[in-house]
Amino acid sequence: MEQILIVTSDRGIVSGRSTLIASLGRGIHTAVSVDQALRLLDADTPIDLIIADLEQDPEGHTGLDLCRAVSRRDQPPSRLLLFFPEQLAVAQEAQRTGLATDILVRREMPSMLARKVAQMLRDRAEESRGAP
């Protein structure tokens, strides 16, 4: 079962996204800060996909900071960066430079998030098999 890490300081959003992802038959891990997410990853928790908000967490870190830290690891998980419309330029730059595997407007419908997650996990599985 694929494992997904949801990182946002908004506990209501964590709950909603967790419910959605669990309904897709995926394993869920949550973190309310970048530091907590990195501790999970440092503990060798197997993660296939990270869904992170671009918004700042209580310690002043953003999803972009998390993407930077994770992208430097061997075989990093895929990274979906969620952003508000006014953050589009930053999110696009993160995707263009490879920090974020993909991006999605935070206010998109849950069905769009579900489709995006499913596609990213399929892409990751194909890459790991060496498919073109």
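In this predicted model, the side chains of R26 and E2 are joined by a polar contact of 3.0 Å. The side chain of R26 also places a polar atom 2.8 Å from the backbone oxygen of L24. R26 sits in a loop, with α1 (11–23) before it and β2 (27–31) after it. Its relative accessible area is 18%. This value falls under 20%, so R26 is classed as buried. Leaving aside residues up to four places away in sequence, R26 touches M1, E2, I4, I21, A118 and L121. E2 thus appears both as a polar partner of R26 and in this list of contacts.

The chain as a whole contains five helices and five strands. Along the sequence they follow the pattern β-α-β-α-β-α-β-α-β-α. The radius of gyration is 13 Å, close to the 14 Å given by the globule rule for 132 residues, so the chain is as compact as a globular protein of that length. The C-alpha trace spans about 35 × 30 × 30 Å along its principal axes.

Of the 132 residues, 45% are buried; R26 is one of the buried residues. Contacts between residues at least 6 apart in sequence were also examined. Of these, 61% join residues at least 24 apart.

The accessible surface of the chain amounts to about 7,000 Å². Carbon and sulfur atoms account for 50% of that surface. The chain carries 16 positive and 19 negative charges. The mean positions of the two sets lie 3 Å apart.

How values were computed:
Residues are numbered from 1 along each chain as its sequence is written. This is a predicted model: local features need pLDDT of at least 70, side-chain atom pairs count only at pLDDT 80 or more; totals for chains, interfaces and linings use all residues. Side-chain values use heavy atoms; hydrogens and water are left out. Helices (H or I, at least four residues) and strands (E, at least two) are DSSP runs, numbered from the N terminus. Buried means under 20% relative accessible area, exposed over 50%, partly exposed in between (1.4 Å probe, protein chains only). A polar contact is a pair of N or O atoms within 3.5 Å; within protein, one must be able to donate a hydrogen and the other to accept it, and residues adjacent in sequence count only if both atoms are side-chain atoms. Contact means heavy atoms within 4.5 Å. The radius of gyration is taken over C-alpha atoms; the globule rule is 2.2 Å times the number of residues to the power 0.38. Accessible areas come from the Shrake-Rupley method with a 1.4 Å probe; for residues, only the protein chains shown count as cover. Lys and Arg count as positive and Asp and Glu as negative; His and the chain ends are not counted. The place of a charge is taken as NZ of Lys, CZ of Arg, CG of Asp or CD of Glu.
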